[in-house]
Amino acid sequence: MTQRILLLGADGFIGQHLATALRAHGHAVVAGVRQPSTTDDIGVDFLIDHDPAVWQARLHGIDTVINAVGLFRASDEDYTSVHVTAPRALYAACREAGIRRVVLISALGASPQGETAYWRSKAAGEAALQASGVPWTIVRPGLVYGPAGASSQLFSRLGSLPLLALPAAGPVQPIHIEDLATGCAALLDIERSSGMVYEATGPTMLALADYLRLLAGRPRGRVLRLPGWLAMTAARALERWPSNLLSRDSLTMLARGSHGDGSAFAALLNRPLCSPASFNDAASRWALQRWQIGWLLRGALAFVWLATAWVSLFVYPVASSHQLLAACGLPNSLFEPLRIGAAGLDAVFGVLTLLRPGRRLWRWQLALIASYSALVALCLPEFLAHPFGPLTKNAALLAALAALLILEETTPCTTT
C-alpha cells in the first residue's frame with residue numbers, strides 16, 4: 001500500500017538512502033530536514049522542537065513517520081534533547097493525529113545500563129516511543145557501511161596503512177546501507193513488524209582489523225595493539241575537534257564490538273544480505289585512491305612550503321638572499337621585510353595545506369608560484385638554465401596543484 005511518509009533526518013547518511021528505498025517501494029516521502037532545500041521539505045530542529053503543538057501541522061496527511069535523527073557525539077543535554085525530548089513531543093502529536101506507525105532508527109547497544117551516554121539516550125528514546133500509545137517498530141543498526149559514510153571512509157583509510165594501530169576492539173558485523181534501507185522500507189508492508197525490535201546486522205562477523213583490511217583491499221598487514229591508556233589519552237585530546245569520530249565513548253563502543261542476531265531483519269529482504277567481501281567495490285576503491293593521491297600531493301607540497309620557509313629563514317645566507325633581491329631591482333630597505341615575509345607566507349601555506357586544504361588555497365598557491373616563477377625568470381634568467389632546475393621544477397608544483405583542484409571537483413562514483 002502506498003503511504004505518505006514523513007522521514008525525519010532525510011538529509012543524513014542513513015536518511016538519504018532510506019528516502020531512495022522508500023520511493024522505490026512506491027511511497028511518497030516528505031523530507032524533514034534542518035535546512036529545507038525545496039518547497040516540499042519540512043524544517044525541523046530536534047534541539048528546540050519540544051512541544052507537541054509544533055508537530056501537529058507537520059503531520060497533516062502523513063500515514064507513517066520514520067525518525068532517523070540522531071547524534072553520535074554530543075553533550076548529555078543535547079543527547080537528551082535530540083534522542084528523547086523532541087521525539088517524545090513528536091510521538092504525542094502522532095498519537096493525536098492517528099499516525100499508523102512510527103519507525104525509529106535507534107542503535108545496536110542501546111540500553112538503560114549502557115556504558116555511554118549515547119547508548120543510554122538511545123534506550124530512553126526507545127522507551128518514549130514504546131510508551132507513547134502509537135504503533136511502533138524499532139530498528140537497531142550496528143556498524144553501517146556505505147561508500148559515502150564517514151566511518152566507512154575512515155575505516156578504509158586506516159586499513160590502507162602499512163601498519164594498523166588499533167585499540168582493544170570486539171568483533172563487528174557490518175551491514176551495507178542498501179540492505180538497511182531496503183529492509184526498513186520492506187517492514188512497512190508487513191503488519192507483524194509492528195511492535196518489533198529488529199537488530200540490523202550483516203551476515204558475517206569479523207575482527208575489526210580484518211574488516212578494515214577488507215575495506216582497503218589489503219588482506220594482510222601488520223597490526224599494532226595500542227595500550228588502553230594510550231588510546232584513551234589520544235581520544236581525550238582529539239575530542240576537541242567536533243567532527244572527529246574518535247572519542248572515549250567511541251573507544252568504549254569499539255571494545256564491546258558491534259554484533260547481534262540480525263536474522264529477523266534479514267528475513268525482511270527478498271535476497272541475501274551483502275557480504276563484507278563485496279563492500280570494496282569500484283566506488284569504494286576510487287574514493288580510497290582519491291584520498292591517497294590527495295594526501296600524497298598535499299604532503300609533498302606541505303614539505304616544500306615548510307622546508308623552503310626554514311631554509312630561507314635559518315639556513316640560506318642572508319647576504320645571498322639580499323643579492324637575489326637586488327638583482328630584481330628592489331630597494332635595500334625591502335630586503336629583510338621581503339625575506340622574512342616570504343618565508344612566513346611559505347610557512348602559512350605549508351600549515352594550511354595540511355590542516356585547511358581547499359580550492360581557494362590551491363588557487364592562491366598556483367598564483368604565487370606562477371608569479372614568482374615569471375619574476376625570477378625575468379630577473380635571474382640563469383636559473384632557467386641551472387642544471388638542478390630550481391625554477392623549471394616549479395612546473396611539477398603547478399601540475400600537483402592543478403591535480404588537487406581536479407580532485408576537489410571530482411565526485412567519486414556512487415552505487416545504485
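In this predicted model, strand S5 (residues 101–105) and strand S6 run parallel and are joined by 4 bridges. Within this pairing, valine 102 stands opposite tryptophan 136 of S6. Between the two strands the chain passes through helix H4 (residues 117–130), and the resulting β-α-β crossover from S5 to S6 is right-handed.

Strand S6 also pairs with strand S10 (residues 197–200); these two run parallel as well, with 4 bridges between them. Here valine 139 has tyrosine 198 of S10 as its bridge partner. The pairings of S6 are set out below.

| Partner of S6 | Direction | Bridges | Residue pair |
|---|---|---|---|
| S5 (residues 101–105) | parallel | 4 bridges | valine 102 and tryptophan 136 |
| S10 (residues 197–200) | parallel | 4 bridges | tyrosine 198 and valine 139 |

Strand S6 (residues 136–141) is mostly covered, with 6 of its 6 residues buried. In a regular strand, side chains alternate between the two faces of the sheet. In S6, Trp136, Ile138 and Arg140 point one way, while Thr137, Val139 and Pro141 point the other way, and all are buried.

A separate feature is the packing of two helices. Helix H12 (residues 318–327) packs against helix H13 (residues 335–355) at an angle of about 105°, and their axes lie 10 Å apart. Because angles of 65 to 115 degrees count as roughly perpendicular, H12 is roughly perpendicular to H13. On the H12 side, the contact is made by Val318, Ser321, His322, Leu325 and Ala326, and on the H13 side by Phe335, Glu336, Leu338 and Arg339. By class, this contact of H12 with H13 comprises 5 nonpolar, 2 polar and 2 charged residues.

Terms used. Residues numbered from 1 in each chain as written. Predicted model: local features only at pLDDT ≥ 70, side-chain atom pairs only at ≥ 80, totals over all residues. Heavy atoms only, no water. Buried < 20%, exposed > 50% of the residue type's maximum accessible area, 1.4 Å probe, protein only. Pairing = 2+ DSSP bridges. Right-handed = clockwise from strand over helix to strand, strands pointing away. Axes fitted to C-alpha atoms, helices over the stretch in contact; angles between N-to-C directions. Parallel < 35°, antiparallel > 145°, perpendicular 65-115°, else oblique. Contact = heavy atoms within 4.5 Å. Nonpolar A, V, L, I, M, F, W, Y, C, P; charged D, E, K, R; others polar.
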